[in-house]
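Visitor: I would like to learn how to read a protein model feature by feature. Could you take me through one?

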Amino acid sequence: MTEQPVSSPSGETDVENFADVVTLGEGNPLVLDSGEMLGAIEVAYKTWGRLNADKSNAILICHALTGDHYVCGTNPITGKGGWWENMVGPGKPVDTDRYYIICSNVLGSCAGTTGPASLNPITGKAYGPDFPVITLGDMVRAQALLLDHLGIDTLFSVIGGSMGGMQTLQWAAAYPDRVKTVVAIATTWRHSAQNIAFHEVGRQAIMADVNWAHGRYMDDPRAEPPHAGLAVARMAAHITYMSESGLTSRFGRNLQDRDKVAFGFDADFQIESYLRHQGISFVDRFDANSYLYITRAMDYYDLSAPYDGVLAEAFRETKTRFCVISFTSDWLYTTEESRHIVRSLNAVGARVSFANIDMDKGHDSFLLDCPEMNDMVAGFLQSEARSIGVNS
Amino acid sequence: MTPTKTRASDIRVDLLEIARMIPAGSTVLDVGCGDGSLLDYLIQEKNVDGRGIELSAEGVNRSVAKGLSVIQGNAEEDIAYYPDDCFDYVILSQTLQAMQRPDRMLEQLLRVGKKAVVSFPNFGHWKVRANLGLLGTMPVNKTLDYPWYATPNIHFCTIRDFVNLCGQLDIDVEQSMAINAKGSRMPFISLFLVNLLATQGLYVITRKQPENSRA
């Protein structure tokens with residue numbers, strides 16, 4: 001808590017401040033849910049906007065499985081726009097002119113925060129399979145360390161979709177006094193058997209790739225990483241992010257660059273070509289071991305487990321206000337799962353808003369432009385900011 | 001978008017009558033809250049701690065964009081998840097007749113709320129009776145504004161039916177009010193006349209207190 005990074009290092013007051021990597025937990029290692037300890041960790045994060053005088057306008061954005069801390073603006077890794085340009089920016093629902101936005105890369109990932117691809121200080125090599133198994137709780141603990149470092153006690157809001165939504169709920173359950181509001185979109189409170197099953201297919205695809213080398217592919221700089229396995233994992237997962245109606249309207253049974261089927265195993269259909277492209281472009285930006293660790297963390301996620309399966313108990317006495325949003329066509333984290341979260345919150349008298357938005361694009365709807373979602377998030381944040389008395 | 005304040009002139013007269021019955025500072029659940037205008041009015045003008053349930057996505061989106069705590073759901077299923085006695089008042093405005101089991105709904109309203117405010121279209125109104133009795137057709141008017149084949153209203157009742165049901169369910173009627181075709185309050189002359197002349201009934205109901213429990 002020695003510095004106040006409320007403006008960019010150059011002293012400019014741009015909306016876009018800076019991306020940084022901080023070393024946290026030095027001399028005070030993170031105790032993980034597994035019982036293992038992780039020494040000093042690095043956390044990559046980025047901020048936008050300005051922290052106000054009473055530090056009441058901070059919003060933490062939580063990214064999804066394969067996301068990173070580049071929420072908006074240009075992502076230097078991909079050269080493309082941030083993953084939530086529709087939602088975050090000046091005048092957007094999460095308004096960088098009014099709020100101080102923070103997004104950090106999650107623990108175990110590969111965009112600057114400590115993960116299996118990072119150097120193990122003990123061996124001098126990449127952690128690989130020696131990296132401890134982490135959980136959503138551990139990811140949130142690392143985020144809390146970052147907030148301590150930034151000198152922010154209380155967040156006006158924690159916002160996220162999919163795995164980011166799981167983190168928002170984890171925040172409310174683990175740090176009820178540090179979170180005023182939560183926006184949880186297209187998410188769940190625990191991974192179902194079906195969710196775990198799809199992840200297992202992905203992990204097995206990676207581990208079946210000989211290049212995976214029991215997770216030690218990084219030890220030999222000349223060795224090929226398990227790109228084929230990771231691409232297949234991404235292809236399988238990507239199907240779960242879309243809906244049948246979305247796929248049908250976009251691809252149908254249309255053929256790719258040909259008039260008739262070739263009676264072979266080339267990508268005859270447009271959907272095949274699209275999935276192959278998704279798989280191949282993914283391996284350029286994501287680490288196979290990180291994929292194993294993060295999917296495992298999601299599979300272990302069950303917010304009701306410490307309470308004999310009664311989710312409501314995780315939120316008893318909560319003062320946090322919730323906004324839960326689901327999409328009608330999301331079959332990965334269904335409306336019923338969101339409804340269970342909402343009913344559990346109602347059961348303990350929590351303040352909650354919930355809408356099931358009619359959109360046919362499947363789970364990934366939360367990343368797309370959706371005026372109903374934007375209006376809800378903007379309205380929720382504005383009214384809560386008014387009632388709490390948050391100054392921009 | 002900036003949510004605008006809901007004023008008395010913005011909401012229906014019958015909703016304003018309901019608002020008059022809610023004491024300032026109460027905790028309120030509005031079941032079937034529509035676009036949230038009554039709830040918004042109660043929060044702005046009476047400083048209530050308000051929540052809502054609404055079936056339509058459009059209503060929920062509008063409510064939440066106004067900053068209201070409203071959940072999208074089927075009230076008959078979702079109300080079961082609220083604990084006992086968690087609201088001072090539960091409002092059911094013009095929705096009773098759309099319920100699968102209005103009797104169970106009334107019991108649920110008085111389980112989660114200490115009191116309930118219920119308004120409903122009166123099927124005993126003379127024009128309704130005339131429609132059925134003289135023309136032999138189902139009525140379509142301002143409070144019953146759907147043709148019979150497309151109506152969400154499945155369980156119509158008269159003001160007398162409602163009073164009878166309350167008696168059967170051991171529900172105390174604390175206040176009764178009648179609303180005429182203009183949507184304004186009419187004097188509660190007698191049950192017979194009101195049942196004939198009112199287009200809507202509006203009731204504040206409570207659980208029957210055991211005689212000796214008030215001591």
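Guide: Gladly. To begin, helices and strands here are DSSP runs, with at least four residues for a helix and at least two for a strand, and they are numbered from the N terminus. Please keep in mind that this is a predicted model.

Visitor: With that numbering, where is Ala213(A) found?

Guide: Ala213(A) sits in the loop that runs between helix 3 (193–208) and helix 4 of chain A. Its phi is positive, about 50 degrees, although Ala213(A) is not a glycine. At 34% relative accessibility, Ala213(A) is partly exposed.

Visitor: Which value does phi take in Ser162(A)?

Guide: Phi of Ser162(A) is near 60 degrees, again positive in a residue other than glycine. Ser162(A) belongs to the loop between strand 9 (155–161) and helix 2 (163–174) of chain A.

Visitor: Is Ser162(A) buried or exposed?

Guide: The idea is a cut-off: a residue under 20% relative accessible area is buried, one over 50% is exposed, and anything in between is partly exposed. Ser162(A) has 6% relative accessibility, so it counts as buried.

Visitor: Let us turn to database records. Which residues does UniProt list for "binding site"?

Guide: The unreviewed UniProt entry lists Arg234(A) and Asp364(A) under that heading. They are spread over 131 residues of sequence, yet they cluster in space, with a largest C-alpha distance of 14.0 Å.

Visitor: Where is the place of Arg234(A) in chain A, and which residues is Arg234(A) in contact with?

Guide: Arg234(A) is part of helix 4, which covers residues 227–241 of chain A. Its relative accessible area is 9%, so Arg234(A) is buried. Setting aside neighbours within four places in sequence, Arg234(A) contacts Thr66(A), Tyr241(A), Gln278(A), Gly279(A), Phe282(A) and Arg285(A).

Visitor: And where is the place of Asp364(A)?

Guide: Asp364(A) lies in the loop between strand 12 (351–357) and helix 9 (371–388) of chain A. With 17% relative accessibility, Asp364(A) is counted as buried. Beyond residues up to four places away in sequence, Asp364(A) touches His238(A) and Tyr241(A). Tyr241(A) is also among the contacts of Arg234(A).

Visitor: Which residues of chain A does the annotation "domain: AB hydrolase-1" cover?

Guide: According to the unreviewed UniProt entry, that annotation covers residues 57–293 of chain A. The span is 36% helix and 12% strand, and its end C-alpha atoms lie 32 Å apart.

Visitor: How does one read residues that meet across a long stretch of sequence? For instance, what does Leu60(A) touch?

Guide: Look at the sequence gap and the distance in space together. Leu60(A) is in strand 5 (residues 58–62) of chain A. Its C-alpha atom is 4.8 Å from that of Val158(A), although the two are 98 residues apart along the chain. Apart from residues up to four places away in sequence, Leu60(A) touches Ile102(A), Gln143(A), Leu155(A), Ser157(A), Val158(A), Ile159(A) and Trp171(A). Leu60(A) is buried, with a relative accessible area of 1%.

Visitor: Where does Asn391(A) lie?

Guide: Asn391(A) lies in the segment after helix 9 of chain A. The C-alpha atoms of Asn391(A) and Arg98(A) are 7.7 Å apart in space and 293 residues apart along the chain. Asn391(A) is partly exposed at 48% relative accessible area, and among the residues it touches are Asn52(A) and Asp54(A).

Visitor: How should I read two packed helices?

Guide: Two packed helices are described by the angle between their axes and the distance between those axes. Here, helix 9 of chain A packs with helix 3 (residues 57–65) of chain B at about 35 degrees, with the axes 7 Å apart.

Visitor: Which residues in helix 9 of chain A meet helix 3 of chain B?

Guide: Glu372(A), Asp375(A), Met376(A), Gly379(A) and Phe380(A) meet Asn61(B), Val64(B) and Ala65(B). By class, this contact has four nonpolar, two polar and two charged residues.

Visitor: One last feature: how many cavities of 30 Å³ or more does the structure hold?

Guide: Rolling a probe the size of a water molecule over the atoms shows where empty space is left. This structure holds one cavity of 30 Å³ or more, and about 40 Å³ of space lies in the largest cavity. Its lining comes from Asn346(A), Ala350(A) and Val352(A), together with Arg51(B), Gly52(B), Ser69(B), Ile71(B) and Tyr82(B). Strand 2 (49–54) and strand 3 (69–72) of chain B are the elements that give two or more residues to that lining. By class, the lining has four nonpolar, three polar and one charged residues.

Terms used. Residues numbered from 1 in each chain as written. Chains lettered and ligands numbered in written order. Predicted model: local features only at pLDDT ≥ 70, side-chain atom pairs only at ≥ 80, totals over all residues. Heavy atoms only, no water. UniProt positions renumbered as here; feature names shortened; annotations may be inferred. Buried < 20%, exposed > 50% of the residue type's maximum accessible area, 1.4 Å probe, protein only. Contact = heavy atoms within 4.5 Å. 1 Å grid on protein atoms, 1.4 Å probe; cavity = no way out; pocket = protein on both sides within 12 Å on 5 of 7 lines; lining within 4 Å. Points joined across faces, edges and corners; volume = space filled by probe spheres on them. Nonpolar A, V, L, I, M, F, W, Y, C, P; charged D, E, K, R; others polar. Axes fitted to C-alpha atoms, helices over the stretch in contact; angles between N-to-C directions.
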